[in-house]
Amino acid sequence: MPVGDQPNQHVGAMLHGLREQAGVTQAEIAEGVGIDQSYISRIERGSRPASDRIIRYYAKRFGAADLLASLVDIARQARYPLEGDAATFVSEAPPDGSTVACGATFTKTWTIRNSGSIPWQGRRLRRIGPTTGPWTLASARFTPIADTEPGETVSISVRIHTPQMETAAVAQWKMVDKDDLLYFPDRYSVGLALYVLVGHGF
């Protein structure tokens with residue numbers, strides 16, 4: 001299984017997740033691309049960078065062009081992390097594992113602390129992965145983060161629409177700048193995550 005949150009590891013983990021979710025083996029990917037399976041394995045573990053050809057293949061096969069393009073941009077630029085930049089989770093509401101009705105709308109709020117020495121200015125959350133779909137928790141792609149001085153806390157709220165079918169649903173957000181680059185490419189691998197049970201009978 002892929003581990004870590006270095007840029008190549010983050011990209012590899014997402015490629016791994018797309019393939020696993022679709023029930024496709026690494027051998028099938030290797031055959032489709034025309035390379036050795038061991039190379040696909042190293043890419044998904046994050047020990048090798050994903051080439052443009054590999055990215056395009058996964059994007060086309062699994063219908064994830066938007067997600068993969070963003071991950072490639074993240075992996076190939078090294079603006080961050082900033083020395084002294086840090087964040088600490090404080091609280092969330094509603095708590096993870098809550099049950100919400102099918103076809104409902106609710107607001108998820110996280111409170112985090114700027115626990116570093118750098119003011120946060122012009123930052124935002126970016127939804128990782130698809131923002132709509134029959135089994136997806138729908139939301140806006142970006143959510144602004146109010147400017148936050150070191151030592152201060154900030155609450156960030158995202159409006160969520162649940163799917164019409166009963167499911168266990170997960171969504172993930174990461175802090176990015178105006179150019180969609182991760183502020184913390186080497187930390188906080190989960191980011192701000194949401195896990196809910198949609199419907200009844202769980």
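## Close-up views of a predicted model

**View 1. Asparagine 8, at a partly exposed place in helix 1.** In this predicted model, asparagine 8 is partly exposed, with a relative accessible area of 28%. That value falls between the 20% limit for buried and the 50% limit for exposed, so asparagine 8 belongs to neither group. Asparagine 8 sits in helix 1, which covers residues 7-22. Look across from here to proline 185: 177 residues separate asparagine 8 from proline 185 in sequence, while their C-alpha atoms are 9.9 Å apart in space.

**View 2. The largest nonpolar core and its best-connected members.** This core holds 25 residues, and the ones touching the most other members are Leu137, Trp173 and Leu194. At least two core residues come from each of strand 3 (105-114), strand 6 (153-161), strand 7 (167-176) and strand 8 (192-198). A separate, second core has 15 residues, among them Leu15, Ile43, Ala50 and Tyr58. In soluble globular proteins, nonpolar side chains tend to be buried together.

**View 3. Leucine 194 and its contacts.** Which residues does leucine 194 contact, leaving aside its neighbours within four places in sequence? The partners include Leu137 and Trp173, along with Phe106, Trp110, Ile160, Ala169, Val170 and Ala171. Asp96 and Lys108 are also in contact with leucine 194.

**View 4. Helix 2 and its buried face.** Four residues of helix 2 (residues 26-33) to pick out here are Gln26, Ile29, Ala30 and Val33, which are buried. Viewed down the helix axis, the buried residues of helix 2 fall within an arc of 100 degrees, so they line one face of the helix. Glycine 34 follows helix 2 and has a positive phi, near 90 degrees.

**View 5. An aromatic pair in helix 4.** The whole structure contains 3 aromatic pairs. In the pair of tyrosine 58 and phenylalanine 62, the ring centres are 5.7 Å apart and the planes meet at 55 degrees, so the pair is tilted. Why are these two residues separated by about one helical turn? Tyrosine 58 and phenylalanine 62 are 4 residues apart in helix 4 (residues 52-62), which means about one helical turn between them. Both tyrosine 58 and phenylalanine 62 are buried.

**View 6. Two arginines over aromatic rings.** Here we find arginine 124 over the face of phenylalanine 142, at 3.6 Å from the ring centre. Arginine 127 lies over the face of tryptophan 173, at 5.1 Å from the ring centre. Readers have met Trp173 already, as one of the residues touching the most other members of the largest nonpolar core.

Note on methods:
Residues numbered from 1 in each chain as written. Predicted model: local features only at pLDDT ≥ 70, side-chain atom pairs only at ≥ 80, totals over all residues. Heavy atoms only, no water. Buried < 20%, exposed > 50% of the residue type's maximum accessible area, 1.4 Å probe, protein only. Core = buried A, V, L, I, M, F, W, Y, C linked by side-chain atoms within 4.5 Å. Contact = heavy atoms within 4.5 Å. Arc of directions from axis to C-beta. Phe/Tyr/Trp six-rings, centres within 6.5 Å; stacked < 30°, edge-to-face > 60°. Lys NZ or Arg CZ within 6 Å of the ring centre and 35° of its normal.
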